[in-house]
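Please work through the exercises that follow with the structure open beside you. Try each task before you read its solution.

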Amino acid sequence: MQPSGRHYVVVRPLFSEDSFAEQHERINRTRKTLRHHLKDYFTCDTNRAKNAARSLLPIIGWIKNYNIKEWLLGDIVSGISTGLVAVLQGLAFSLLASLPPGYGLYTAFFPAIIYFFLGTSRHLSVGAFPILSLMVGAVVTRLVPDGGPPANITGFEGLSMEQQRVLVASSVTFVMGAFQLIMGMLQVGFIVMYLSETLVSGFTTAAAVHILVSQLRFVLGLDFPGVNGPLAIVYTLENVFSDITNTNVADLVTSIVIMALVLIVKEINDRFKSKLPVPIPIEVIVTVIACGVSYAFNFEKRFNVVVVGEMVDGYESPIAPNLEVIKESAVEAFPMAIVGFAVAFSVAKVYSVKHDYTIDGNQELLAFGVSNMFGASFRSFAASTALSRTAIQESTGGKTQIAGVLSAMMVLIVIVAVGFLLEPLPRSVLGALVIVNLKGMLMQFRELPFLWKNDRTDFVTWVVTFVASLFLGLDLGLAVGLGAELFTVVCRTQFPRCSLLANITGTDIYRDRKDYNSIYEPEGVKIFKIPSPIFFANIDFFRDKLVQAVGFSPLKVLKKRNKALRKIRKMLRNGELEISDRGLEVNWNTELPANISVPPVNIHSLVLDFSAVSFLDISALKGLKATLKEFLRIEVDVYIVSCDVYIMEKLHQCSFFDDEIKTSIFYPTLHDAMLHILEKHPDHGELEKDIDINYEVIQRDSITV
């Protein structure tokens, strides 16, 4: 290759796959079998043991490189700022889980401590996540409803309603963590790849609407039982509007003032984040003010405002998960495990790219699995990460999980020392803070016009996931959304956009003939491209599109020709035709005897571009072989170009080649095949002269023998 300005010149022979293999010997690589992989996996030596220890305890890798002078101050500031927010979000999100507010503090402490040792992200703030809290709350209210007897579970005897709900929440969290731990041990961290950004966006938006509706009863100061299951959002709205005349004005005014202040200050933080050393902790400020005002004016008694009430005092003894609750909630726990990991991994990946370090999906599963199982033993509920909290930890200077541990220490101080100061806090304030923090998720509605304009399939996935999650519940909605997403993938591979290619004049480039004016199409040649794998589900579609592209069915042509030959032989026996000295010759593209019609074949060469075909299964291989033979038997040369070498190996292994289909029909590039065709058919304007088997009808009345 010789560069020449903005041009390049390549001088090489015209290659087929056979001639290329003769001139360029390929290295025969031995691939590892399953036995070798298992042997390598279970073989242990000193280096492997060290690497395993570093993998299972990532703290070993980064703690020894910790830069105290540059990082410690940032981690301290970040830890304090994040800890204050974690306290408030723990209290607020526990309402979503239908638990007393104090138990959200446990979720902000125990999982964060474990993640410090096992997690690979340096910026993730581990703790309560609103969507997971809502999913936990659905299980809690199903087994321990507000207005009715609890489920018939042995471990509930002698427990108060609050204790029953805590037991349910911790048990479902334990099994959720167990699912994550098992997935991590099985190395299936890739499962999160099946949750596309579009699906996650539709799901989280629906969850945000659920959370918004669930907080209306706290914001309005209404008292009605929580609802779960399909159409829960409809029934909740029905309860809100039927009871709206009983709105507590003090709660409503407090909530409106809180939401307005927080939104305004958050906007200021976003506008001037480059000038502010740390974001203004508006949630903390309004909480302190609300506590003071509520206590000073005795909101609980004077205005009948529901307050946080008695907080947890220190830590309670560990509890074991209830097996009956696990049986009842395992189905809901699995989507919780997927959602919790997917959200945390997505957020962690964003910050790992920004700060140039790697995260391990399988280790993240192990970290969250152990964190949730350990936390569940101490009465915490499902933990993941909250986007706003992680953003604070990173933006305030956090460099490592030292900031995460310090934020957990802030929670610890509240739990064991100053928690009583939060007892007069109105629950409507927590509800207002939850709603304000939904802004980012609710703004995802703005993606719809973009999706509609650029990708209707993703638009459908978003809408289906959103609607299903909104009306069927988050667990069923996620399943429906995943099914819709996989269905679109199947449709895209089963019904790909096939095209006929043409040469761009003056180049060796080939593009869709419909997209360009300056093209060159040799007469009698069709170039067909299928841009997807070929497998059992789309082989018939491939054949139908190929027939449509060439303009005739080779199988029908072959049947018509065989039928015509039988008629010609009969006419010869009856003396209606005579054979010339050259024998019987039939030209199928010229006029035939009366009552004999055969569809014309106006091509002599068919090129199949396999550059986008990544695999063939056995069903597709058989279908492809049958299709090639149909074209070859009607004197159409078939060429396959740009075929992957591993597909070629599979074709050899599966006895694809025989006396009719030879390896010589394969070419490394499309241009090689086209040059070969033009060399073989220089006079491509007169197709009938180029057919190998040329027949000519000889009739008694028109030809003298």
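**Exercise 1.** Decide whether Lys 680 is buried, partly exposed or exposed, and then find the residue with which Lys 680 forms a salt bridge.

*Solution.* This is a predicted model, and the steps below are to be read with that in mind. Begin with the accessibility: Lys 680 has a relative accessible area of 40%, and because partly exposed covers the range between under 20% (buried) and over 50% (exposed), Lys 680 counts as partly exposed. Next, look for the partner, which is Asp 637, with the closest N and O atoms 2.9 Å apart. The pair links distant parts of the chain, since Lys 680 belongs to helix α28 (residues 670-680) and Asp 637 to strand β10, 43 residues apart. Finally, check the partner in the same manner: Asp 637 has a relative accessible area of 16%, and is therefore buried. As a further step, salt bridges that share partners join Lys 625, Lys 629, Arg 633, Asp 658 and Glu 660 into one network.

**Exercise 2.** Compare two further salt bridges, one formed by Arg 271 and one by Glu 394, and say where the partners lie in each.

*Solution.* It helps to recall that side chains of opposite charge can pair when their charged atoms come close. For Arg 271 the partner is Glu 267, and the closest N and O atoms are 3.6 Å apart. Both residues sit in helix α12 (residues 249-271), four residues apart, which is about one turn of the helix. An α-helix has 3.6 residues a turn, so residues three or four places apart point the same way. With regard to accessibility, Arg 271 is exposed at 63%, while Glu 267 is partly exposed at 32%.

Now turn to Glu 394, whose side chain meets that of Lys 354 in a salt bridge of 3.1 Å, N to O. Here Glu 394 lies in helix α17 (residues 387-395) and Lys 354 in helix α15, so this pair ties together parts that are 40 residues apart in sequence. Glu 394 counts as buried, with a relative accessibility of 13%, whereas Lys 354 is exposed at 56%.

**Exercise 3.** Which residues of α17 are buried, and what covers them?

*Solution.* First list the buried residues, which are Arg 389, Thr 390, Ile 392, Gln 393 and Glu 394. Then look at what surrounds them: the cover includes α5 (68-96), β3 (126-128), α15, β4 (383-385) and α18 (402-418). Last, follow the chain just past the end of α17, where Gly 397 takes a positive phi of about 105°.

**Exercise 4.** Find the nonpolar core that is the largest, and name the helix that gives the most to this core.

*Solution.* The largest nonpolar core has 104 residues, and those with the most contacts inside it are Leu 105, Ile 131, Val 136, Val 168, Met 336 and Val 411. Helix α15 (residues 323-354) gives the most to this core, with 15 residues. To see the packing around one member, select Val 136, which touches Ala 97, Ala 169, Val 172, Met 336, Phe 381 and Ala 382 when residues up to four places away in sequence are not counted. A second, separate core has 39 residues, among them Ala 549, Val 601, Leu 606 and Ile 634.

**Exercise 5.** How does the reach of helix α26 compare with the span expected at 1.5 Å a residue, and against which elements do the buried residues of α26 pack?

*Solution.* Helix α26 (residues 618-632) has 15 residues and reaches 21 Å from its first C-alpha to its last, which is close to the expected 21 Å. Its buried residues include Ala 620, Leu 621, Leu 624, Leu 628 and Phe 631. The buried residues of α26 pack against α24 (539-550), α25 (554-573), β9 (605-609), β10 (637-641) and α27 (645-653).

**Exercise 6.** Locate the nonpolar patch on the surface that contains Tyr 235, and find which element gives the most to this patch.

*Solution.* The patch is formed by Val 227, Leu 231, Val 234, Tyr 235, Val 467, Phe 471, Leu 472, Leu 476 and Val 480, with about 650 Å² of accessible area together. The elements giving two or more residues are α11 (232-242), α22 (456-472) and α23 (474-494), and α22 gives the most, with three residues. Tyr 235 itself is placed in helix α11 and is partly exposed, with a relative accessible area of 39%.

Terms used:
Residues are numbered from 1 along each chain as its sequence is written. This is a predicted model: local features need pLDDT of at least 70, side-chain atom pairs count only at pLDDT 80 or more; totals for chains, interfaces and linings use all residues. Side-chain values use heavy atoms; hydrogens and water are left out. A nonpolar core is a set of buried Ala, Val, Leu, Ile, Met, Phe, Trp, Tyr and Cys residues joined through side-chain atoms within 4.5 Å. Buried means under 20% relative accessible area, exposed over 50%, partly exposed in between (1.4 Å probe, protein chains only). Contact means heavy atoms within 4.5 Å. The expected span of a helix is 1.5 Å times one less than its number of residues. Patches are made of residues with over 30% relative accessible area and no salt bridge: like charges are joined within 9 Å, nonpolar side chains (Val, Leu, Ile, Met, Phe, Trp, Tyr) within 5 Å. Accessible areas come from the Shrake-Rupley method with a 1.4 Å probe; for residues, only the protein chains shown count as cover. A salt bridge is a side-chain nitrogen of Lys or Arg within 4 Å of a carboxyl oxygen of Asp or Glu.
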